[in-house]
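Here is a set of questions about how certain labels are earned, each answered by setting a value against its cut-off.

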Amino acid sequence: RTPSAPKRPIRRGKPPPDRPQRALFCLSLKNPVRKLCIDVVEWKPFEYLILLTIFANCVALAVYTPFPCGDSNSTNAYLEKIEYVFLVIFTIECVMKVIAYGFIMHAGAYLRNGWNLLDFTIVVIGTISTVLQHLTKDTFDVKALRAFRVLRPLRLVSGVPSLQVVLNSILRAMVPLLHIALLVLFVIIIYAIIGLELFSGEMHRTCFNNETIP
């Protein structure tokens, strides 16, 4: 008998993600709208487009020049119009992910992820500030809400998994680093007390000229 060749292990692809059967209580996995949203949000070029949009938004926030007393210039007016484009893109992304993954009622839902919760909060605050700005005009100051736009660069972290790993590692190391800082502070305080007891009053002297004393 000729020895049989050893069987090669069968390579299997990644198991399909465990998605809920229904999203928003009405959209099943076979729903064409939900299937389209899943395909789009998991499409790599779409992720790159969102990252590019976030980067462009960061550049726009850096270029914007605030003026006192409500003054502005043509550059700021142009950036304000572009801001609406960014808000629409981020809102569409948020809605599509909610349709694809569900909102919050099950494991793996959109808001069950902390970074998605940050994205959702930024989008909601941006939408509310824009609506209030157009409805109330001069009767309501939306500067406090618009200040939350500075959080948008943090969306780069949610779009790059490697940055999430680094930031999570830093946050987990904060408590041990705080313990080390307290220990160093206690050592400094001990040596400060010792130095105060040993050298108290020793250097409390000054030079003077006898001729200037009346």
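Q: Why is Lys44 counted as partly exposed?
A: In this predicted model, Lys44 has a relative accessibility of 48%. Partly exposed is the class between under 20%, which is buried, and over 50%, which is exposed. The value for Lys44 lies in between, so Lys44 counts as partly exposed.

Q: What makes the contact of Lys44 with Glu47 a salt bridge?
A: A side-chain nitrogen of Lys or Arg has to lie within 4 Å of a carboxyl oxygen of Asp or Glu. For Lys44 and Glu47 the closest N and O atoms are 3.4 Å apart, and the contact therefore qualifies. Both residues belong to helix 2, and because they are 3 residues apart, about one helical turn separates them.

Q: Why is Glu47 called partly exposed?
A: Its relative accessibility is 31%. Since the partly exposed class runs between under 20% and over 50%, Glu47 falls into it.

Q: How do you know that Lys97 and Glu93 form a salt bridge?
A: The N to O distance is 3.1 Å. The limit is 4 Å, so this pair is accepted too. Lys97 and Glu93 sit 4 residues apart in helix 3, which means a separation of about one helical turn. A search of the whole structure gives 2 salt bridges.

Q: Are Lys97 and Glu93 buried or exposed?
A: Lys97 is buried, and Glu93 is buried as well. That label requires a relative accessible area under 20%.

Q: What makes the pair of Phe103 and Phe120 edge-to-face?
A: Two values decide the matter.
A pair of aromatic rings is described by the distance of the centres and the angle of the planes. The ring centres of Phe103 and Phe120 are 5.7 Å apart and the planes stand at 75°. Rings pair if their centres lie within 6.5 Å, and planes over 60 degrees apart count as edge-to-face. Both conditions are met, so the pair is edge-to-face.

Q: Which parts of the chain does the pair of Phe103 and Phe120 tie together?
A: Phe103 lies in the loop between helix 3 and helix 4, whereas Phe120 lies in helix 4; the pair therefore ties together parts that are 17 residues apart in sequence.

Q: Why are Phe103 and Phe120 counted as partly exposed?
A: The relative accessibility of Phe103 is 32%, and that of Phe120 is 24%. Buried would need a value under 20% and exposed a value over 50%, so the two residues are partly exposed.

Q: What makes Tyr110 and Phe120 an aromatic pair?
A: Their rings are 6.5 Å apart, centre to centre, with 80° between the planes. The distance limit is within 6.5 Å and the edge-to-face class starts over 60 degrees, so the pair is counted and is edge-to-face. It links Tyr110, in the loop between helix 3 and helix 4, with Phe120 in helix 4, 10 residues apart.

Q: Why is Tyr110 called buried?
A: Its relative accessibility is 2%. Buried means under 20%, so Tyr110 counts as buried. Phe103, Tyr110 and Phe120 form one aromatic cluster.

Q: What makes a space in this protein a cavity, and how many are there?
A: A cavity is a space where a 1.4 Å probe fits but cannot get out. The structure holds 3 cavities of 30 Å³ or more. The largest has a volume of about 110 Å³. Its lining includes Glu80, Tyr84, Gln133 and Arg152, and helix 3, helix 4 and helix 5 each give two or more residues to it. By class, that lining has 3 nonpolar, 4 polar and 5 charged residues.

Q: What lines the second largest cavity?
A: Ala60, Leu61, Tyr64, Leu79, Glu80, Glu83 and Arg149 line it. The volume is about 60 Å³. Helix 3 brings the largest share of the lining, 3 residues.

Q: How do you know how far to trust helix 5?
A: Helix 5 has the lowest mean pLDDT among the elements, 70, and helix 1 the highest, 90. The protein averages 80. Where pLDDT is low, the predicted coordinates should not be read in detail.

Terms used:
Residues numbered from 1 in each chain as written. Heavy atoms only, no water. 1 Å grid on protein atoms, 1.4 Å probe; cavity = no way out; pocket = protein on both sides within 12 Å on 5 of 7 lines; lining within 4 Å. Points joined across faces, edges and corners; volume = space filled by probe spheres on them. Nonpolar A, V, L, I, M, F, W, Y, C, P; charged D, E, K, R; others polar. pLDDT = per-residue confidence, 0-100. Phe/Tyr/Trp six-rings, centres within 6.5 Å; stacked < 30°, edge-to-face > 60°. Buried < 20%, exposed > 50% of the residue type's maximum accessible area, 1.4 Å probe, protein only.
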